[in-house]
Amino acid sequence: EFEDNLTKLGFVSGTLSKSVILPDGNSSLRYFGTATYYEDFAGPRSAVSATSSGNIDLEVDSIGSYSEVSFGLNFLRGLDPAKTEARQLNAAVRADYRFGDTVDSWCITAQVRLQF
């Protein structure tokens, strides 16, 4: 059982991107890269573990500071309303890497969305 805790997380981030209109004049690509630094200003978290021999008080350190870099690509295309009910197609893919003294993770995210 975790006690009530307060999270105090600060971050600073910057993104560079470039958009390109494709030759069909109805589609675009946007390339981007983002760097973010996070700092957890909260102290340790408290918890209680219930065991068969009684409760044990636990203290868990905060996540501390860590960084994240992300790279990705977004695709956008306007659709012909005479051919489909959808008005726009969006597709995106991105890769994120998080690293620090207590963090080491990565993920890849992809999505496709139709707007009506």
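This is a guided walk through the structure shown above, taken one region at a time. Keep in mind as you look that the model is predicted.

Let us begin with two neighbouring strands. Strand E1 covers residues 9-21 and strand E2 covers residues 27-40; the two run antiparallel and are joined by 13 bridges. If you would like a landmark within this pairing, find Leu16, which stands opposite Gly33 in E2. Now follow the chain from E1 into E2. The hairpin here has five residues between the strands, and Gly25 in this hairpin takes a positive phi near 75°.

While you are in this part of the model, look for Thr36, whose place is in strand E2. With a relative accessible area of 7%, Thr36 is buried, because buried means under 20%. The side chain of Thr36 has a partner: a polar contact of 2.8 Å joins it to the side chain of Ser13.

Next come the aromatic rings. How many aromatic pairs does a search of the whole structure find? The search finds three. One of them brings together Phe11 and Tyr38: the ring centres lie 5.8 Å apart and the planes meet at 40°, so this pair is tilted. To see why, remember that planes under 30 degrees apart count as stacked and those over 60 as edge-to-face, with the rest called tilted. Along the chain, Phe11 in strand E1 and Tyr38 in strand E2 are 27 residues apart, so to speak a link between distant parts of the chain. Are these two residues buried or exposed? Phe11 counts as exposed, at 59% relative accessibility, whereas Tyr38 counts as buried, at 17%.

Tyr38 also takes part in another pair. The rings of Tyr38 and Tyr66 have centres 4.7 Å apart and planes at 20°, so these two are stacked. Here too, distant parts of the chain are linked: Tyr38 belongs to strand E2, Tyr66 belongs to strand E5 (residues 65-78), and 28 residues separate them. Tyr66 is buried, with a relative accessibility of 14%. Put the rings together and you have one aromatic cluster, formed by Phe11, Tyr38 and Tyr66.

Let us turn to charged side chains. Side chains of opposite charge can pair when their charged atoms come close. The structure holds four salt bridges. One of these is made by Asp24 and Arg77, with a distance of 3.4 Å from N to O. This pair links distant parts of the chain, since Asp24 sits in the loop between E1 and E2 while Arg77 sits in strand E5, 53 residues away. Both ends are partly exposed: Asp24 has a relative accessible area of 44%, and Arg77 has one of 32%.

Asp40 and Arg45 form another salt bridge, also listed at 3.4 Å from N to O. Where the previous pair was partly exposed, Asp40 is buried at 8% and Arg45 is buried at 16%. A further salt bridge joins Arg94 to Asp96, with the closest N and O atoms 2.9 Å apart. Its two ends fall into separate classes: Arg94 is partly exposed, with a relative accessible area of 32%, but Asp96 counts as buried at 7%.

Now move along to another pair of strands. Strand E6 (residues 88-100) and strand E7 (residues 104-115) run antiparallel, with 12 bridges joining them. Leu89 stands opposite Leu114 in E7, and a hairpin of three residues leads from E6 to E7.

Which residues make the nonpolar surface patch of about 540 Å²? They are Val93, Tyr97, Phe99, Trp106 and Ile108. E6 and E7 are the elements that give two or more residues to this patch, and E6 gives the most, with three. Tyr97 is found in strand E6 and counts as partly exposed, at 35% relative accessibility.

Finally, return to the start of the chain. Asp4 is found in the segment before E1, and at 80% relative accessibility it counts as exposed. Asp4 and Ala47 are 43 residues apart in sequence, yet from C-alpha to C-alpha they are 8.8 Å apart in space.

Conventions:
Residues are numbered from 1 along each chain as its sequence is written. This is a predicted model: local features need pLDDT of at least 70, side-chain atom pairs count only at pLDDT 80 or more; totals for chains, interfaces and linings use all residues. Side-chain values use heavy atoms; hydrogens and water are left out. Two strands pair if DSSP finds at least two bridges between them. Helices (H or I, at least four residues) and strands (E, at least two) are DSSP runs, numbered from the N terminus. Rings of Phe, Tyr and Trp (its six-membered ring) pair if their centres lie within 6.5 Å; planes under 30 degrees apart count as stacked, over 60 as edge-to-face and the rest as tilted. Buried means under 20% relative accessible area, exposed over 50%, partly exposed in between (1.4 Å probe, protein chains only). Patches are made of residues with over 30% relative accessible area and no salt bridge: like charges are joined within 9 Å, nonpolar side chains (Val, Leu, Ile, Met, Phe, Trp, Tyr) within 5 Å. Accessible areas come from the Shrake-Rupley method with a 1.4 Å probe; for residues, only the protein chains shown count as cover. A salt bridge is a side-chain nitrogen of Lys or Arg within 4 Å of a carboxyl oxygen of Asp or Glu. A polar contact is a pair of N or O atoms within 3.5 Å; within protein, one must be able to donate a hydrogen and the other to accept it, and residues adjacent in sequence count only if both atoms are side-chain atoms.
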